[in-house]
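The exercises below are meant to be worked through with the sequence and the structure side by side. Each one sets a task, and a solution then follows step by step.

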Protein chains: 2
Amino acid sequence: MAKRPTIHDVAAAAGVSRGTVSRVLNDDRYVSPAAHAAVRRAIAETGYIVNRNARSLVTQRTGSVVMVLSEPHEKVFEDPNYSTTIRTAIRRLGERDVSLVIMLAGDDGDRARVVHYVRGGHADGVLLMSTHAGDPLVDELESLRIPAVACGAVIGKENVIPYAAADDREGARQMARYLVGQGRRKIATITGPMDTPGGIQRLEGFADVLGRKASKKLIEHGDWTQLSGESAMARLLERTPDLDAVFVASDLMAAGALSTLRAAGRRVPDDVAVGGFDDSSVAATTHPPLTTIRQPLAEVAEETVRLLLALIDGGGPVEPVILPTRLIVRESA
Amino acid sequence: MAKRPTIHDVAAAAGVSRGTVSRVLNDDRYVSPAAHAAVRRAIAETGYIVNRNARSLVTQRTGSVVMVLSEPHEKVFEDPNYSTTIRTAIRRLGERDVSLVIMLAGDDGDRARVVHYVRGGHADGVLLMSTHAGDPLVDELESLRIPAVACGAVIGKENVIPYAAADDREGARQMARYLVGQGRRKIATITGPMDTPGGIQRLEGFADVLGRKASKKLIEHGDWTQLSGESAMARLLERTPDLDAVFVASDLMAAGALSTLRAAGRRVPDDVAVGGFDDSSVAATTHPPLTTIRQPLAEVAEETVRLLLALIDGGGPVEPVILPTRLIVRESA
DNA sequence: TTTCAGTCTGTGAACGCTCCCAGACGTTCC
DNA sequence: GGAACGTCTGGGAGCGTTCACAGACTGAAA
């Protein structure tokens with residue numbers, strides 16, 4: 001295999017010096033049109049591609065960003081949230097010639113690897129996914145002073161790690177208001193884990209609307225999985241058999257709740273109305289199809305990436321971004 | 001921020017030369033125990049982390065691998081196949097201190113970016129995901145002579161790009177035999193796209209068992225989506241109303257087929273038996289739960305990574321790996 | 001004419017590492 | 001005693017860039 005052309009070869013082909021080629025490659029100032037054209041032609045002729053390692057060695061910039069997945073759960077990518085964010089990140093970063101490295105941070109070993117990677121200066125920024133409250137990784141990254149953003153708030157670090165997220169609280173309010181507006185009287189909720197922003201804020205939004213009616217008796221917690229939705233629904237039914245609606249904090253858990261309701265002989269929405277959250281792909285395929293809250297996942301992903309790039313470019317302080325949700329009425333409520 | 005320690009600092013702290021530190025860091029031969037200990041201690045004291053850029057600059061190795069996703073479909077990560085492979089790849093590569101860069105290759109622009117990246121020497125190897133038949137990227141990578149493997153065969157390149165895959169054909173035979181063994185007489189099939197290995201080989205396995213009974217009338221094609229399963233099932237029912245079984249080449253399409261069957265008033269499995277493929281998460285949650293073929297996804301992923309590492313390490317020729325499938329009997333057949 | 005600012009170019013010096021070579025030590029063997 | 005060999009070490013050279021600086025050339029202003 002022939003050696004790859006270097007900046008020297010390009011300079012020779014264009015009849016200029018390395019410096020001029022470098023200037024064309026980078027800021028492009030102070031280069032005569034003639035030189036510019038000659039260099040461009042030489043690059044095309046030689047098939048020159050800049051060597052990032054050599055560049056990084058002197059610039060201390062790597063041209064890559066690392067996405068850190070804290071969720072230890074095996075099927076994590078199947079979450080549409082991840083799916084969308086990863087694709088969006090790859091695309092948007094790619095446009096800027098920044099590549100995306102993915103790392104796991106499920107256990108301490110993984111976490112150490114991430115810290116080592118970042119400390120080694122191998123990335124210009126960090127994109128945090130589903131980082132849980134109290135994750136030690138956040139403190140470590142903070143002390144390394146590397147640009148970092150999160151997709152969805154990092155609980156307890158909202159003012160430290162900028163983030164983009166859907167308006168979970170208002171989304172929950174929308175659903176709660178809708179259920180109330182439909183004349184439902186005894187409205188329960190199945191929340192997500194209480195160490196996740198979605199878990200907390202969707203419950204808060206629910207409580208905002210229901211007020212004192214949101215009694216402990218009507219609240220159960222799940223862990224986002226379908227199975228947890230099933231069992232939470234079973235507990236609710238046992239405790240409050242006369243409930244006539246339930247707001248479930250994710251569509252997948254709502255699908256589980258539907259199974260339990262069906263098994264218990266309750267008709268949906270006649271006996272019990274069910275509201276989901278996410279508007280994920282399962283929502284349209286349950287029986288009956290789920291009335292749910294749509295999150296602007298793609299926009300959240302876009303904004304997250306934008307924040308990170310802004311931070312890397314050093315464009316001053318960066319504000320969190322909260323994007324609006326929307327009620328999608330189907331048949332379950 | 002204090003400057004990061006370099007190999008010089010470590011050498012000074014250990015009272016040896018750069019060369020000795022480098023030897024400890026790399027092959028470790030010809031280093032006295034005393035020097036070795038001193039260097040190890042100095043590394044710990046200084047918090048030294050090797051600068052990959054500087055290393056790559058001279059070794060021409062990057063310590064990273066790029067995973068190329070050819071599937072243009074938006075929800076691609078939700079496919080458990082991807083999910084598992086990505087996680088496995090990150091984990092196994094991480095153990096060897098190799099990082100994983102993910103790139104898209106959905107359109108020509110993406111593809112050009114991948115080629116540029118690889119030509120630029122930014123990766124030591126390429127891991128191809130769901131590359132379609134005739135994808136020009138394969139030829140380009142081939143001509144660049146970069147180590148490349150695929151997860152699932154690349155049609156028409158089986159002898160060029162090593163791969164690991166489940167035994168799609170035998171899996172389809174298992175299901176077909178099972179359906180025949182259950183006394184089903186008129187067995188139809190819904191295949192995947194005929195430019196994917198799963199599409200082709202699962203049909204071939206089906207035909208292996210059914211022989212002449214696998215008439216054109218009993219074959220319909222889908223594109224792996226649930227919707228395509230629904231419409232393919234509808235076409236089959238219209239053409240052959242008296243069919244009593246259908247082998248669907250993916251669980252998601254099978255879920256679609258179930259909807260259509262229910263809507264048409266057929267009972268499953270009483271009137272029509274339905275067999276899926278994949279044993280993905282939807283399989284257990286359909287009504288009724290799907291009888292399906294389980295693929296050893298995790299092992300396929302493991303093997304794919306193993307092949308790539310072997311290829312990068314230059315361990316001679318590398319053979320494709322085919323892993324066995326298994327029939328999972330639930331209620332739909 | 002001189003001076004000055006602005007534009008444009010080339011070159012040496014890093015960046016932090018690995019590779020290679022030379023040489024200093026032992027041993028062992030003739 | 002010296003040759004031959006294996007072990008261990010240090011340091012120069014080079015990987016392909018960018019950056020800073022010095023200098024050359026312009027044209028306009030004094």
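**Exercise 1.** Determine how many residues of strand 1 (residues 64–69) of chain A are buried, and find which residues point each way from this strand.

*Solution.* Bear in mind throughout that this is a predicted model. Begin with the cut-off, by which a residue is buried if 20 or more other C-beta atoms lie within 10 Å of its own. Applied to strand 1 of chain A, this shows that 6 of its 6 residues are buried, and the strand is mostly covered. Next, sort the residues by direction: A:S64, A:V66 and A:V68 point one way, whereas A:V65, A:M67 and A:L69 point the other way. Such a division fits the general pattern that side chains in a regular strand alternate between the two faces of the sheet.

**Exercise 2.** Identify the strands of chain A that pair with strand 1 of chain A, and give the sense of each pairing.

*Solution.* Take strand 2 of chain A to begin with: this strand runs parallel to strand 1 of chain A, and 6 bridges join the two. Within this pairing, A:V68 stands opposite A:M103. Then turn to strand 3 (residues 125–129) of chain A, which pairs with strand 1 of chain A in the parallel sense over 5 bridges. Here A:V65 has A:G125 as its bridge partner.

**Exercise 3.** Describe the side of chain A that touches chain B, and find which strands of the two chains pair.

*Solution.* Start from the contacts, in which 37 residues of chain A meet 37 residues of chain B. On the chain A side, helix 4, helix 5 (80–95), strand 2 (99–104) and helix 6 (108–119) each supply at least two residues, and the largest share, 8 residues, comes from helix 5 of chain A. Sorted by class, the residues on this side of chain A are 15 nonpolar, 12 polar and 10 charged. Finally, look at the strands: strand 2 of chain A and strand 2 (residues 99–104) of chain B pair in the antiparallel sense over 3 bridges, with A:L100 opposite B:I102.

**Exercise 4.** Which residues touch the most other members of the largest nonpolar core, and with which residues is B:L127 in contact, leaving aside its neighbours within four places in sequence?

*Solution.* The core has 94 residues, and those touching the most other members are A:V68, L127 of chain A (A:L127), B:V68 and B:L127. With the sequence neighbours within four places set aside, the contacts of B:L127 include B:V65, B:M67 and B:V68, and also B:T304 and B:L308.

**Exercise 5.** Find which residues come nearest to DNA strand D, and which elements supply the surface near this strand.

*Solution.* Among the 25 residues around DNA strand D, those that come nearest are A:I7, A:S22, A:A54, B:G19 and B:A35. Helix 2 (18–25) and helix 4 (52–59) of chain A, as well as helix 2 (18–25) and helix 4 (52–59) of chain B, each supply at least two residues of this surface. The largest share, 5 residues, is given by helix 4 of chain A. By class, the surface near DNA strand D comprises 12 nonpolar, 10 polar and 3 charged residues.

**Exercise 6.** Decide whether B:D313 is buried or exposed.

*Solution.* First locate B:D313 in the loop between helix 12 (297–312) and strand 11 (321–323) of chain B. Then apply the count: B:D313 is exposed because 12 other C-beta atoms lie within 10 Å, and a residue counts as exposed if the number is 12 or fewer.

Key:
Residues are numbered from 1 along each chain as its sequence is written. Chains are lettered from A and ligands numbered from 1 in the order in which they are written. This is a predicted model: local features need pLDDT of at least 70, side-chain atom pairs count only at pLDDT 80 or more; totals for chains, interfaces and linings use all residues. A nonpolar core is a set of buried Ala, Val, Leu, Ile, Met, Phe, Trp, Tyr and Cys residues joined through C-beta atoms within 7 Å. Two residues are in contact if their C-beta atoms, placed from the backbone, lie within 7 Å. A residue is near a molecule or strand if its C-beta atom, placed from the backbone, lies within 6 Å of it. Helices (H or I, at least four residues) and strands (E, at least two) are DSSP runs, numbered from the N terminus. Ala, Val, Leu, Ile, Met, Phe, Trp, Tyr, Cys and Pro count as nonpolar, Asp, Glu, Lys and Arg as charged, and the others, Gly among them, as polar. Two strands pair if DSSP finds at least two bridges between them.
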